[in-house]
Amino acid sequence: MKKLSVAAALAAALIAVSLSSGSSHREAPNIMLDPAADNTDTYAFTAPDAPDALTVVANWVPGGNPANGPNFFRFDDRARYYIHIDNTGDGKPDISYRYEFKSTFPSDSYRQGLPGVRSIDDPRLQEKQSYRIVREELEDGEVTRKRTIARDLPVAPSNAGPKTFPDYDQVANQAIRDVGDGKYFAGQRDDAFFIDLGAAFDNVNLRVPPGNLGGGTDTQADTSIQTITMQVPEADVTRDGEPVSGPDADNATVGVWAATERRKLEVTNGRFDNKRARGSWVQVSRLGNILVNELFIPASEKDQFNKTTPATDGERFKRFLLEPEFAKQINNLPEELGVSALDLKAPETDRDDLVDVFLTGIEGLNQIGDDPVAADTLKINMGVPPAQTPNRFGLIGGDRAGFPNGRRLADDATDIYVQLVGGFMKGNKIPAGDGVDQNDKPFLDRFPYQSSPSSGYDQAVGRRVEPPHAPTLPGNDPQVPIGPQVPTPRPPAGPQVP
Amino acid sequence: MGRRLASGRVLAVPAVVFVVALGAFTALGDTAQPASRGEVVAAASLAQKGQAQLQRARESADPANYARAEALLRRALDRDPKNLDATIGMGTLALARHDFREGLRYGKTARRLGRDLARPYTVLVDAQVELGNYQAARRSLQEMMDLRPNLASYARVSYFRELHGDLDGATEAMALAVSAGGQVPENVAYVQTLLGDLEATRGRSGAARRAYETALAQVAGYVPARVGLAELDGASGRLDEAIATYREIVDRLPLPGYVIALGEAELAAGRTASARETFALADVQLRLAAAQGDNIEPLQARFVADHGDPSRAVRLARQTWEAAPSVRSADAMGWALTRAGDPERGLAWARRSLKLGWQEPTVLYHAGMAARAAGERDEAISFLEAALERNPDFSPVRAPKARRALEELR
């Protein structure tokens, strides 16, 4: 028998940890990150090819590196995923679409799929997920009616690569489903979000200050998310069940947000009555407007933010928008970046303009009703037609069809946010941003609008650099139009399976 | 919930990184003598690095990672004593070193620093459970669950239910943990393996095997899952396979539990010479730990009760009880006393270990054997039958002994 080395034993003796069962204690994981439940972006817009419908793109599971097999990202079968609509302006859902998922795996294999999957029903696709949709109507936050409107819809699988999926789009497109007068899609897509996260969250360490000259690295390039994308007639979501006649119609604006719920277990009830001990559903994540949770809500409040409904945002969180920490940070930036001549003058108090943008809606544009509460919902006036020439700065670029009136995929959320907090609406226009102006992949001009995901086989996560360009004036972007764009050259694709 | 950095496959970037950059946000509430903004930011960055080292330590079991983690976390607290994640990190470290009282202190501080947040509870709950404060642990765990149902809280509920004998509920909770998944493959493999362990405890070897294999598909070569499969092999009489697997594992990662499992498999296979050598190694580990003043585990005290000098086992078990007065330590105390020839006290301790309703077959076996030696025939039959009913193959060495004892008692 091979002698067990004493040196190894010495090393082991220093370790008090034993990982097997029957050991002295559990070391359950402490990391609280929860990608399957995490909302990463919510978009709501009137699509040019569907002008009488509301389109909502809700993304979960952030930062998916496509080459993450065999742990491909999926929705949690035991969670509930929601898209909520507030059409009365009280911050509570009036209509909710609930999505529930179910996975099947073969008992004898751990491969997502065998080579050559050609369709979404292909038995070679071993790991499958399907979903059903329940549409709920609510009054004052309580469900009054609910109906399962679809069952057993297929989820578009994760794109492992060309050997597994010789024509991935062919398979993914089969996940686009018509249900009644609506369209639905769930599954992996390319993450529409574009941002230099490395710079933004390294104390706003801009690569090319002040961030309006390009030069940023899109850290989300090539990453994937799991999306639920839906498109329904306006009348399905308005307060009165009627279509919207124009931007001034009473029923024109609705508030949209996405959320996730999980079961809260009862730790033990002595009788081990496990059905009852399953407990009720608890919201663990929600997302209406861009960057509210990340940049307005302090660390000490985040778990509360995630658990609560937008209706209480006024009393709980308004003060963090009225005096935003981020404005102070903007003002500290020039000194930190060694450009002390620049004086940004972001107003640090009385930021009722931010409350308007993010919580109550802007009068004459996207308020719900006459007396809307302060609620973090993405408010879209469905009567405003899609822009002929969209501007990535949205409203502050003169484009009323963009953020904060809903949010389109190509709206530059980061730059808009920085300039808004910098004081754009109060007349203080600063030319700041993150140096990334567009997504690495062009968006589609048809449902489901987000591009196909990169495959695990050939991906280049976080490597797209925005080409340098002349300075963009605050809110004004003539140089980089939204629309079909030429993406940066990509690494060559791998060998194709015939 | 928001934006995440694209993380590496192995390391997760804790949520705190998103407020690291914003400095001011990491100051949580209390304003007496606040650290300067620069110190707060520096502390947050150090805390994040320290936590990453802790995750690496989980994955590698390399003690150097613990030392590095500690250095980073202490520096973080020097800069900003109110940094929540460094406080949680120090608590996690204390628990990993089996210093549960220290862990509890950090856990309580963390909860105070982070009211309304779920993550301080990871340390607080674990410390309370290991110290036998089960009522407090239940309250804390329910608070954690109410704040945040996710892998971390579901896994803890599972363990708590398991200690109370609710195996169905424990399995359900662990299945929720597995389904929820997490950012880090090792975390998912960990709970997947625990699910396998639960199925094995319930005697469901097919489900256990599937769970272990799924864990191995998550993280290739994941040792706890390989140990689980080896235990299934041992349970079904494939001792040669079990021994081969344990030996491979022990060559690379000789944790005490694995060494003892190897020795017992060798003993069950009749390879007494090998078993003796293996047990000698386990003994060396024990003595080294004692020499360093490390807290030893109850399973090490049980090992000495089973294969060494029982009165030494009683001393060691008492140490584990003093460090961590949990049902696990009570089981070690009871067995050591029984083996040392004091079955009356052994039985009293065994009853204590079962007071929550724990259904672990080996623990029931210890109680049964204590009762038998103490002349409590009915109680002995009841405990031994319970152990075998839970899982007739619960141990290649003990299950046959339990069966023989029952035959004699009946």
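**Exercise 1.** In this predicted model, work out how H8(B) and H9(B) run relative to each other.

*Solution.* H8(B) and H9(B) come out roughly antiparallel to each other. To get there, start with the axes: those of H8 (residues 151–163) and H9 (residues 167–180) of chain B come within 8 Å and cross at roughly 165°. Angles over 145 degrees count as roughly antiparallel, so that settles the direction. Next, the handedness: H8(B) passes H9(B) in a left-handed crossing. Now see who touches whom. H8(B) brings residues including Leu151(B), Tyr154(B) and Arg161(B), while H9(B) brings, among them, Leu167(B), Met174(B) and Ala180(B). Sorted by class, this contact has eleven nonpolar, two polar and three charged residues.

**Exercise 2.** Do the same for H11(B) and H12(B).

*Solution.* Axes again: H11 (residues 205–218) and H12 (residues 223–235) of chain B come within 9 Å and cross at roughly 155°. That's over the 145-degree cut-off, and therefore H11(B) and H12(B) are roughly antiparallel to each other. Their crossing is left-handed. Among the residues making the contact are Tyr212(B) and Leu216(B) from H11(B), plus Leu229(B) and Leu232(B) from H12(B). The class tally is seven nonpolar, two polar and four charged.

**Exercise 3.** Find which members of the largest nonpolar core touch the most other members, then follow up Tyr246(B).

*Solution.* The core has 125 residues, and the ones to pick are Val129(B), Leu163(B), Met174(B), Tyr246(B), Tyr258(B) and Leu384(B). Leaving out residues up to four places away in sequence, Tyr246(B) touches Val227(B), Ala230(B), Glu231(B), Ala261(B), Leu262(B) and Ala265(B). Apart from the largest core lies another, of 98 residues, including Ala186(A), Val244(A), Phe326(A) and Leu378(A).

Notes:
Residues numbered from 1 in each chain as written. Chains lettered and ligands numbered in written order. Predicted model: local features only at pLDDT ≥ 70, side-chain atom pairs only at ≥ 80, totals over all residues. Heavy atoms only, no water. Axes fitted to C-alpha atoms, helices over the stretch in contact; angles between N-to-C directions. Helix = DSSP H or I, 4+ residues; strand = E, 2+ residues; numbered from the N terminus. Parallel < 35°, antiparallel > 145°, perpendicular 65-115°, else oblique. Left-handed = near helix turned anticlockwise from the far one by under 90°. Contact = heavy atoms within 4.5 Å. Nonpolar A, V, L, I, M, F, W, Y, C, P; charged D, E, K, R; others polar. Core = buried A, V, L, I, M, F, W, Y, C linked by side-chain atoms within 4.5 Å. Buried < 20%, exposed > 50% of the residue type's maximum accessible area, 1.4 Å probe, protein only.
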